[in-house]
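Let's take a walk through a protein and its DNA. Have the viewer open and follow along.

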Number of protein chains: 2
Amino acid sequence: MAVSIEGDLATSHRIAASLREEILSGQFAPGTRIRQEDIAEQFGASRSPVREALRMLDAEGLVTLVANTGAWIAQLSLTECEEMYQIRERVEPLLLNASMPNLTKEGLERLAILAQEMEANQDVETFLRLDREFHLLSYSGASTALLGDMVQRLWNTTQHYRRAYTRLLATNGFKTAHYEHHLLLAAITRGDAEDAERILYGHIRRTRLELAKHPEVFP
Amino acid sequence: MAVSIEGDLATSHRIAASLREEILSGQFAPGTRIRQEDIAEQFGASRSPVREALRMLDAEGLVTLVANTGAWIAQLSLTECEEMYQIRERVEPLLLNASMPNLTKEGLERLAILAQEMEANQDVETFLRLDREFHLLSYSGASTALLGDMVQRLWNTTQHYRRAYTRLLATNGFKTAHYEHHLLLAAITRGDAEDAERILYGHIRRTRLELAKHPEVFP
DNA sequence: TTGCCCGTAATTGGATCCAATATACCAATA
DNA sequence: TATTGGTATATTGGATCCAATTACGGGCAA
């Protein structure tokens, strides 16, 4: 999954990529209004490519478009967020299963490093980055592009709430997550797909239940 | 899930809805090139709303956009189609589970009628329509809009291959599907979610395996 | 014949202008 | 005072024009 940052892309794609980064990095709060002209000015472009970019982000679930009215940074209710997590519980084990046979030795080593770094780390943003890399790397062996894109969209749409929840829990409440990561890594390393699937399912499910205990991060 | 046909929508949405219908009804073969100007002329509009419509359909997986090059009716390889079905196997039981508690008596009666009509029917297009209505109706009790949309997209992107496969099997090879529909209906009716999930999983899985026996319908 | 190069036509992408729609504000009235 | 109606303004949607990119085809050389 190569992520080319602001390369030689067309204007609309460049704008979409840039906005996507800004949203995922938490610079925009969900519910924030997006005016086409503002974005256009910000990129020195006209409104045409901005509109295309907003459609792309709308399709990804990062932006909500309302006809004749405007665009907002997408917002999830607790119920909707739980829905996303339930989908993840069912779909990510499938993706992991497809990925495991093709994971390289280097990939496994990197996974181990990531699990260690997460445990040693105290910073929220760093944790989010490492956690994302850990899981997406564990899926990198899969050649199923459609499923991979779907999972990445699920991660993206829930990113904001994962951040808010991580902030709340400080650094203490993550012991379980770290254990699960190590268990998952062990199952992957010994090629036990069935166990890996089960652990991953439990990991996502437990996170969903934890998340539901903090409705204050939702509108 | 109300499907408003060509109502008072904005031009871009009207064009998208119309193209969607044409694609789903099989009027376009996968791989067919779509030129913006043709569509624009066909709808008496300019290319602007056509481009927006194509982006929407691209997001739904019905059209494939390539930057600076053009748009084509989306095409799936056998592998990709199997991927879609594997996702369906995992996700649709979840949706059914969320739907079952809220299905009305009228809904159940309609499901029974649909199962009967499918069995009595001989026509391919009619079968596709009834089968789709049967399953989507069984999900209609779910208030999970995001999951519902996702499932509908999965159905839409695979519609063309389901049609081709149904044509091949003529009307004889569907005994098993009819049995499964009746079993599913029975489980739903008696409110046995666990069993319903399992039957639905098996139903989709078996269809995937059958589909894989007919690689000739894929490019 | 086959492969490559280059020029022209076709097609998409972006900018600008105009139209349609929605929001916000203010006044008038119950 | 609260609410309704209407007008002005802000914002999005669509049409048209121009620019950039790509695809096609003929000519040339190996």
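What follows covers the symmetry of the protein copies and then the surface near one DNA strand.

A bit of housekeeping: this is a predicted model, where local features need pLDDT of at least 70 and side-chain atom pairs count only at pLDDT 80 or more, while totals for chains, interfaces and linings use all residues. Residues are numbered from 1 along each chain as its sequence is written, chains are lettered from A and ligands numbered from 1 in the order in which they are written, and side-chain values use heavy atoms, with hydrogens and water left out.

Turn chain A by 180°, with a shift of 0.0 Å along the axis, and it lands on chain B with an RMSD of 0.0 Å (a least-squares fit on C-alpha atoms of residues with pLDDT of at least 70 in both copies). That's the relation of a two-fold axis. The copies also use the same surface: 100% of chain A's contact residues (contact means heavy atoms within 4.5 Å) recur in chain B.

Now for DNA strand C. It is surrounded by 19 residues, the closest being Thr11(A), Ser46(A), Ser48(A), Arg35(B) and Arg47(B); a residue counts as near if one of its heavy atoms lies within 4 Å. Of the strand's atoms within 4 Å of the protein, 67% belong to sugar or phosphate and the rest to bases.

Zoom in on some atom pairs. A polar backbone atom of Thr11(A) is 2.9 Å from a phosphate oxygen of DNA strand C, and a backbone N or O atom of Ile34(B) lies 3.5 Å from a phosphate oxygen of that strand. At Ser48(A), a side-chain N or O atom is 2.8 Å from a base nitrogen.

Definitions and conventions. Polar contact = N/O pair within 3.5 Å; in protein donor to acceptor, adjacent residues only side chain to side chain.
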